[in-house]
Amino acid sequence: MTNNELKNNSQNRTLKQWLFNPFQFIAGGNALFLGLVIMLAAAFLGSLGDLHFDGVIDLHIGKPAPLWFFIAEVLIDWLCLSIVLLIAAFFVSRSSFRIIDVFGTQALARTPYLAALLVIMPKGFNRFAEYLAAKGMQQPTTITIESTDVLLFIVGIVVVLSMLVWMVALMYRAYSVSCNTKGGKAIISFIAGLIIAEILSIVSIWQLALRTGLR
Amino acid sequence: MKKLPSICPACQSPLNIKRLSCQKCSTEIEGLFELPALAKLSVEDQEFVVQFVRCSGSLKEMARLQKLSYPTVRNQLDNVIEQIKIPENQQ
């Protein structure tokens, strides 16, 4: 196969490949840089609407906090999952792998949550969420909701859940490509890693909030 | 010239070579000869190995040419290594 043929082959890429396995084409330092930019953008947008990434796969409306706390949250989430999956890969993968690929691809895998933020940022979503919370706890509320708030809320929930599924699929692909893991072992180790990382990140963010007086 | 098949199309078992012939003098040698390890690979994997050698064994260069990520190319190489190892272990 000539170099030209190889270049032609590489152009036969589908949108599906880019959406669900971009790590075939991008990894290492490039993915890390792009992922960090996306995470910082997500932290900044989150700080504008008090949307906290308080766990590896969590996105909640919370109390106001300084920008650094939102940045710390996204970094803790990313580091917890990357480190746990890196340790899992040492046991599961039979081939060598680069640490920068694991961290880079996991950073880029968090892209869907940036899209989710854009959908749930409008005030109408928060207003209806607060209204539901007050009703759920049977507390009196002065919140007045508009007819569009319900629609915004339903659309927001559907989009967030879709983005969550997409993000977890990307995280698995990132793990599979960067560590060359396949089959049952890969799936089981990923699920176990995700659960451990989720617990670790929640505890770490909680501790950070406690120690800095934000809770 | 046709491409050398390495797998039986009927039962999917590995194929061996039974007859070799010289195109110049038409001498024919008959026997049971095993295919070399690289010839047992699929056409795609053989092309990968050729490209790997052309790139002087640089996975980074291969990744750049194919516009693929480094781990993807390395995983392809790992798959080829795994396939070469299997017949070695069977011997």
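Which side chains meet in a salt bridge? In this predicted model, A:R94 and B:E82 are the pair, at 3.5 Å from N to O. Across the interface of chain B and chain A, the rule turns up 1 salt bridge. There's other polar traffic between the two chains as well: 10 residue pairs are in polar contact, both partners at pLDDT 80 or more.

As for what chain B brings to chain A, helix 1 (43-54), helix 2 (59-66) and helix 3 (70-90) are the elements of chain B that give two or more residues to the touching side. Helix 3 of chain B supplies the largest share, with 8 residues. Sorted by class, that side of chain B holds 4 nonpolar, 6 polar and 7 charged residues.

Stepping back to the whole contact, 17 residues of chain B touch 24 residues of chain A. Together the two chains bury about 1,600 Å², and carbon and sulfur atoms give 46% of that. On the chain B side, B:L65, B:K67 and B:R74 lose the most area to chain A, together 28% of what that side buries.

Now for chain A by itself. Its secondary structure comes to 9 helices and 2 strands, and along the sequence they run α-α-α-β-β-α-α-α-α-α-α. A few overall values for the chain:

| Property of chain A | Value |
|---|---|
| Box of the C-alpha atoms, along the principal axes | roughly 70 × 40 × 30 Å |
| Residues that count as buried | 45% of 215 residues |
| Accessible surface | about 11,100 Å² |
| Carbon and sulfur part of the accessible surface | 69% |

Among contacts in chain A with a separation of 6 or more, 72% link residues 24 or more positions apart.

Notes: Residues numbered from 1 in each chain as written. Chains lettered and ligands numbered in written order. Heavy atoms only, no water. Contact = heavy atoms within 4.5 Å. Buried area = accessible area lost by both parts, 1.4 Å probe. Salt bridge = Lys/Arg side-chain N within 4 Å of Asp/Glu carboxyl O. Polar contact = N/O pair within 3.5 Å; in protein donor to acceptor, adjacent residues only side chain to side chain. Helix = DSSP H or I, 4+ residues; strand = E, 2+ residues; numbered from the N terminus. Nonpolar A, V, L, I, M, F, W, Y, C, P; charged D, E, K, R; others polar. Buried < 20%, exposed > 50% of the residue type's maximum accessible area, 1.4 Å probe, protein only. Areas by Shrake-Rupley, 256 points an atom, 1.4 Å probe, with all protein chains shown as cover.
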